[in-house]
Structures are given as structure tokens and as C-alpha cells.
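Please open the model in your viewer and keep the sequence panel visible. The tour below proceeds by selections, each followed by a description of what is found there.

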Amino acid sequence: MFQKSKHSGFTLIELLVVIAIIGLLSTLAVVALNNARSKGRDAKRVSDIATIQTALELYFADSNSYPDGKTAAETLGVAGALTLSKTGGFSDAISGTTYMGKVPANPTPGGAAYTYKTDVVLGTTYSIDFTLEEATGSLATGANCARPSGIVGGACPVL
């Protein structure tokens, strides 16, 4: 008499619920991934600045001054400041003792170029401006400064 048909599969409601859950999980994963990417870029920025500072201290130990800034604020890691060597300072070509064969540039996207300034009269101090996308350790989001005394938060004072 009555023959019961067997339906196999999922109902439309069940499929929509599963799709909504997958969409929510993928959105959370993308947000977490973007956060991890910006933290990774910031960690690289702090590491780059520390490496540049080490090279500058080696330069200072040999020359008793820091390299001259060829402009008011020299952009590091781009044409004109790709290497750091004893007789060339920051330049495109290595000349003399090499302190840094490839000066790092700001990782993109986000942040701003690393800029180097020195006290051109005496050459006994410098500052490197860099920015962070998020707070990292004791450093705040935005402008930060590296000086011979270390990395400090906030914009670099005028030399």
C-alpha cells in the first residue's frame, strides 16, 4: 500500500547552516592571518633597524663618526643607500670595508621607508625613523626612532 520513499541527502536548511558556519570560520581565519602578517612585518622592521644599528656601530668604531647623510633624510634600502661600507658610507657600491652588503628596506605593505639622518657637523649621532603598524613590545603604533642609545618610541627629534 504505502511505500515509503527513502530520501537520502541533506535538506536545504542543513546545507545553509553548514555554509554559514564555513563562511564564519573562514572570515575569522582571514582576520587572524592579516593580524599575523602585520605583526610579522613589524618584527622584521625592528630586526632590520637593530641590524642597521649594529652596522653603524661597527662603522663608528672604525671611523670615529657615523656616515654622512647625503640628504636631509636619506631613505635606506633604495637607490643611493643600498650598501654601507667604510669609504662609501651609504651608497649603491661597496667601497672599502663592508659593514652591510644589502641595507634592508621597509617591508610592504604598510609602514614607511626607513630614513637616516646624521649630525653633519660632528657625525657623532644619528637617527633612523621607522613606523610600525601595531604596538610591538614597548614601541607604539606609528612613528618610532632609533638612536645610538637604542630604539625608542615616538618620532625622532631634530638633530
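**First stop: helix 1 and its charged side chains**

Select Lys44 and Asp48, whose side chains meet in a salt bridge with an N to O distance of 3.0 Å; a salt bridge here is a side-chain nitrogen of Lys or Arg within 4 Å of a carboxyl oxygen of Asp or Glu. This is a predicted model, in which local features need pLDDT of at least 70 and side-chain atom pairs count only at pLDDT 80 or more, while totals for chains, interfaces and linings use all residues. Residues are numbered from 1 along each chain as its sequence is written, and side-chain values use heavy atoms, with hydrogens and water left out.

Lys44 and Asp48 are 4 residues apart in helix 1, so about one helical turn separates them. Lys44 is partly exposed at 40% relative accessibility, whereas Asp48 is buried at 6%. Buried means under 20% relative accessible area, exposed over 50%, and partly exposed in between, with a 1.4 Å probe and protein chains only. Helices (H or I, at least four residues) and strands (E, at least two) are DSSP runs, numbered from the N terminus.

**Second stop: Glu133 and its arginine partners**

Next, select Arg41 and Glu133, which form a salt bridge at 2.7 Å, N to O. Arg41 belongs to helix 1 and Glu133 to the loop between strand 6 and strand 7, so this pair ties together parts that are 92 residues apart in sequence. Arg41 is buried at 17% relative accessibility; Glu133 is partly exposed at 25%.

Add Arg45 to the selection. Glu133 also forms a salt bridge with Arg45, the closest N and O atoms being 3.0 Å apart. Salt bridges that share partners join Arg41, Asp42, Arg45 and Glu133 into one network.

Is Arg45 buried or exposed? At 0% relative accessibility, Arg45 counts as buried. The side chain of Arg45 also reaches the backbone oxygen of Pro107 at 2.9 Å. Among the residues that Arg45 touches (heavy atoms within 4.5 Å) are Asn106, Pro109, Tyr114 and Thr131.

**Third stop: strands 5, 6 and 7**

Select residues 126–132, which make up strand 6; 7 of its 7 residues are buried. Tyr126, Ile128, Phe130 and Leu132 point one way from this strand, and Ser127, Asp129 and Thr131 the other way.

Show strand 5 (residues 115–118), which pairs with strand 6 in the antiparallel sense over 4 bridges; two strands pair if DSSP finds at least two bridges between them. Tyr116 stands opposite Ile128 in strand 6. Strand 7 (residues 142–147) runs antiparallel to strand 6 and is joined to it by 5 bridges. In strand 7, Ala146 is the bridge partner of Ile128.

**Fourth stop: the disulfide**

Remain at strand 7 and select Cys145 together with Cys156. These residues form a disulfide with sulfur atoms 2.0 Å apart, the criterion being a pair of cysteine sulfur atoms within 2.5 Å. The link is right-handed, with 105° about the S-S bond. Cys145 lies in strand 7 and Cys156 in the segment after strand 8 (150–153), so the pair ties together parts that are 11 residues apart in sequence. Cys145 is buried at 0% relative accessible area, and Cys156 is buried at 13%.

**Last stop: the three-stranded sheet**

Finally, select strands 2, 3 and 4, which form an open antiparallel sheet in the order 3-2-4. Strand 3 (89–91) and strand 4 (98–100) are the edge strands, each pairing on one side only. Leu84 has Met100 in strand 4 as its bridge partner.

How values were computed
Polar contact = N/O pair within 3.5 Å; in protein donor to acceptor, adjacent residues only side chain to side chain. Lists of a residue's contacts leave out its neighbours within four places in sequence.
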